[in-house]
Amino acid sequence: MMGNEMIEWSCTINGSNVQLTVPATERLVTILRDRLQLTGTKIACEIGRCGACMVLMNDEPVNSCLLMAYQCDHQQIVTIEGLAPSNDDELHPIQQAFIDEGGFQCGYCTPGMILTTKTLLDAHPEPSLEQIEKALCGNLCRCTGYGGIVRAVQQAACTSAVKPVQE
């Protein structure tokens with residue numbers, strides 16, 4: 001596939017249908033940030049090692065810096081902006097747990113951590129410490145000692161309101 005070939009790209013992003021004409025090899029992170037202004041998805045390492053660009057594609061965590069437009073055409077994408085309930089004044093219980101437990105410092109890695117946590121808790125509502133550490137191993141934080149992050153995941157697990165996003 002040629003890098004400059006344009007495609008008609010269609011995805012469901014945060015519950016809304018999005019259609020764009022984009023280069024087939026444009027990265028998903030670029031589409032989200034530059035074309036759709038969903039800047040909660042961060043750009044950091046650009047090689048899929050830090051998790052700052054993490055989004056959910058079909059309910060699975062993926063590094064959006066590694067996905068080209070053609071690879072995610074016709075998929076369901078959830079970014080950090082789509083995690084909270086539709087009421088703008090309310091946070092998702094995982095987001096609130098990160099605030100309550102100080103699961104961030106600069107906040108750059110936090111969207112990826114939160115989306116990874118959602119996937120973990122959907123699969124394991126009461127995760128062990130080992131499951132938490134394993135789930136978060138693809139997310140790098142350069143500021144914290146991970147204590148607040150782990151506590152936030154544990155608090156979120158105790159919150160009975162943690163449920164899959166309803167469309």
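## Overall build

Buried residues account for 46% of the 167 residues in the protein chain. The model is a predicted one. Its chain holds 6 helices and 5 strands. Along the sequence, these elements come in the pattern β-β-α-β-β-α-β-α-α-α-α.

The C-alpha atoms fill a box of roughly 45 × 30 × 25 Å along the principal axes. The radius of gyration is 16 Å, and a compact globule with 167 residues would be near 15 Å, so the two agree. Contacts also reach far along the chain. Of those between residues at least 6 apart in sequence, 53% join residues at least 24 apart.

## The sheet

The 5 strands make an open sheet, and its order is 2-1-5-3-4. Pairing within the sheet is mixed. Strand 2 (16-23) and strand 4 (60-63) sit at the edges, each pairing on one side only. On average, neighbouring strands are turned by 40° against each other, with direction ignored.

Strands of a sheet pair through backbone hydrogen bonds, in either a parallel or an antiparallel sense. Strand 3 (residues 54-57) and strand 5 (residues 76-78) are an antiparallel pair, joined over 2 bridges. Within strand 5, I77 is the residue opposite M57.

## Helices across the sheet

Helix 1 (residues 28-35) lies across four strands: strand 1 (6-13), strand 2, strand 3 and strand 5. Its direction is about 110° to strand 2.

Helix 4 (residues 110-123) lies across strand 3, strand 4 and strand 5. Helix 4 runs at about 35° to strand 3. Strand 3 and strand 5 therefore appear in the lists for both helix 1 and helix 4.

## T110 in helix 4

T110 belongs to helix 4. Its relative accessibility is 10%; buried means under 20%, so T110 counts as buried. Which residues does T110 touch, not counting those up to four places away in sequence? They are F98, G103 and F104.

T110 can also be placed relative to T41. The two are 69 residues apart in sequence. In space, their C-alpha atoms are 9.7 Å apart.

## Two nonpolar cores

The largest nonpolar core has 21 residues. Those with the most contacts inside this core are I94, F98, M113, I114, I132, L136 and I149. Helix 3 (93-100), helix 4, helix 5 (129-136) and helix 6 (147-158) each supply at least two of its residues. F98, listed here, is also one of the residues that T110 touches.

L136 shows how contacts spread from one residue of this core. Leaving aside neighbours within four places in sequence, L136 is in contact with M113, T116, T117, I149 and V153. Another core lies apart from the largest one. This other core has 18 residues, including C11, A24, L38 and C72.

## Salt bridges

Side chains of opposite charge can pair when their charged atoms come close. The count here comes to 4 salt bridges. One of them joins E26 and R35, with the closest N and O atoms 2.7 Å apart. Are the partners buried or exposed? E26 counts as buried, at 16% relative accessibility. R35 is partly exposed, with a relative accessible area of 37%.

R27 and E46 form another, with 3.1 Å between the closest N and O atoms. R27 lies in the loop between strand 2 and helix 1, and E46 in the loop between helix 1 and strand 3, so this pair ties together parts 19 residues apart in sequence. E46 counts as partly exposed, at 41% relative accessibility.

A salt bridge also joins the side chains of E101 and R151, at 3.3 Å from N to O. This pair links distant parts of the chain, 50 residues apart. E101 is in the loop between helix 3 and helix 4, while R151 is in helix 6. E101 counts as partly exposed, at 25% relative accessibility. R151 is partly exposed too, with a relative accessible area of 42%.

Technical notes: Residues are numbered from 1 along each chain as its sequence is written. This is a predicted model: local features need pLDDT of at least 70, side-chain atom pairs count only at pLDDT 80 or more; totals for chains, interfaces and linings use all residues. Side-chain values use heavy atoms; hydrogens and water are left out. Two strands pair if DSSP finds at least two bridges between them. Axes are lines fitted to C-alpha atoms, for helices over the stretch in contact, and angles run from 0 to 180 degrees between N-to-C directions. Contact means heavy atoms within 4.5 Å. Buried means under 20% relative accessible area, exposed over 50%, partly exposed in between (1.4 Å probe, protein chains only). A nonpolar core is a set of buried Ala, Val, Leu, Ile, Met, Phe, Trp, Tyr and Cys residues joined through side-chain atoms within 4.5 Å. The radius of gyration is taken over C-alpha atoms; the globule rule is 2.2 Å times the number of residues to the power 0.38.
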